[in-house]
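Please look over the sequence and the fold shown here before reading on. The paragraphs that follow lead from the overall architecture to the sheet and then to the packing of the helices.

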Amino acid sequence: MGYNYYGWKESGQVRSIDPEYRGIGTPRDLYDLLVDIWCAETCAPRLRKNWSKENKTLGQCSITAFLVQDIFGGEVYAMRTGNGLHCYNRIQDAVFDLTSEQFGEKAAELVYNCELLQDRESADHFQKDEKRARYVYLSEQLKRKLRA
């Protein structure tokens with residue numbers, strides 16, 4: 001599979017730290033699985049009307065970045081965009097964003113400066129019941145796919 005997400009080359013050096021996700025060695029492996037799991041149900045509600053199979057990563061950033069953190073460790077960071085915060089990951093020297101493709105050509109304008117460290121229990125993330133529910137759904141679908 002060809003990869004277009006930000007930092008895809010660097011992410012190939014990152015290795016899983018959670019044995020619960022056996023079968024996922026690198027973030028690229030995770031991406032390969034998520035392309036079949038991301039859906040309108042996992043998309044942020046405010047963006048759902050624009051979600052499509054052609055833009056699967058739309059509205060998936062926060063829940064995906066925290067799932068990456070669970071599987072690979074590291075930190076979740078955010079940047080400000082016209083639509084609010086956009087989350088991505090840093091693990092040691094690798095900075096990558098499995099959901100950057102949602103920005104299309106504007107992805108080249110994103111600045112990954114690792115300034116806004118994110119905490120899943122903050123008001124922007126899992127304090128929101130809908131976001132926690134989307135994260136749980138995404139992680140359960142991933143585990144189901146790994147068992148199949």
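Two strands are said to pair if DSSP finds at least two bridges between them, and the strands themselves (E, at least two residues), like the helices (H or I, at least four residues), are DSSP runs numbered from the N terminus. The model is predicted, so that local features need pLDDT of at least 70 and side-chain atom pairs count only at pLDDT 80 or more, while totals for chains, interfaces and linings use all residues. Residues are numbered from 1 along each chain as its sequence is written, and side-chain values use heavy atoms, with hydrogens and water left out.

In these terms the protein has four helices and four strands, which follow one another along the sequence in the pattern α-α-α-β-β-β-β-α. The C-alpha trace spans about 35 × 30 × 30 Å along its principal axes. For 148 residues a compact globule would have a radius of gyration near 15 Å, and the 14 Å of the protein agrees with that; the radius is taken over C-alpha atoms, and the globule rule is 2.2 Å times the number of residues to the power 0.38.

The sheet is a good place to begin. Its four strands form an open sheet in the order β3-β2-β1-β4, with antiparallel pairing, and the edge strands, each of which pairs on one side only, are β3 (94-96) and β4 (116-117). Strand β1 (residues 75-81) is joined to β4 by two bridges, the two strands running antiparallel, and here Ala-78 stands opposite Leu-116 in β4. Towards β2, Ala-78 has Cys-87 as its bridge partner. Seven bridges join β1 to β2, again in the antiparallel sense, with Arg-80 opposite Leu-85, and these two strands form a hairpin with two residues between them. The pairing of β2 with β3 is likewise antiparallel and runs over three bridges, where Arg-90 of the pair stands opposite Val-95 in β3. In the hairpin of β2 and β3, which also has two residues between the strands, Gln-92 takes a positive phi near 55 degrees.

How does a helix lie against this sheet, and across which strands does α3 run? Helix α3 lies across β1, β2 (84-91) and β3, and runs at about 15 degrees to β2. Such angles run from 0 to 180 degrees between N-to-C directions, the axes being lines fitted to C-alpha atoms, for helices over the stretch in contact.

Two packed helices are described by the angle between their axes and the distance between the axes. Helix α3 (residues 61-72) packs on helix α4 (residues 129-147) at an angle of about 55 degrees, with the axes 9 Å apart. The two are therefore oblique to each other, given that angles under 35 degrees count as roughly parallel, over 145 as roughly antiparallel, 65 to 115 as roughly perpendicular and the rest as oblique. The crossing of α3 and α4 is right-handed, a crossing being right-handed if the near helix is turned clockwise from the far one by less than a right angle, and left-handed if anticlockwise. Among the residues in contact (heavy atoms within 4.5 Å) are Phe-66, Leu-67 and Ile-71 in α3, and Tyr-135, Leu-138 and Leu-142 in α4. By class, this contact of α3 with α4 has seven nonpolar, three polar and three charged residues; Ala, Val, Leu, Ile, Met, Phe, Trp, Tyr, Cys and Pro count as nonpolar, Asp, Glu, Lys and Arg as charged, and the others, Gly among them, as polar.

Helix α2 (residues 27-34) also meets α3, their axes coming within 11 Å and crossing at roughly 135 degrees, which makes α2 oblique to α3. Pro-27, Leu-30 and Leu-34 of α2 make this contact with Thr-64, Leu-67, Val-68, Ile-71 and Phe-72 of α3, and the residues divide into seven nonpolar, one polar and no charged.

Finally, α2 packs on α4 at an angle of about 95 degrees, with the axes 10 Å apart, and the two helices are therefore roughly perpendicular. Leu-30, Leu-33 and Leu-34 in α2 meet Leu-138, Leu-142, Lys-145 and Leu-146 in α4, a contact of six nonpolar, no polar and one charged residue.
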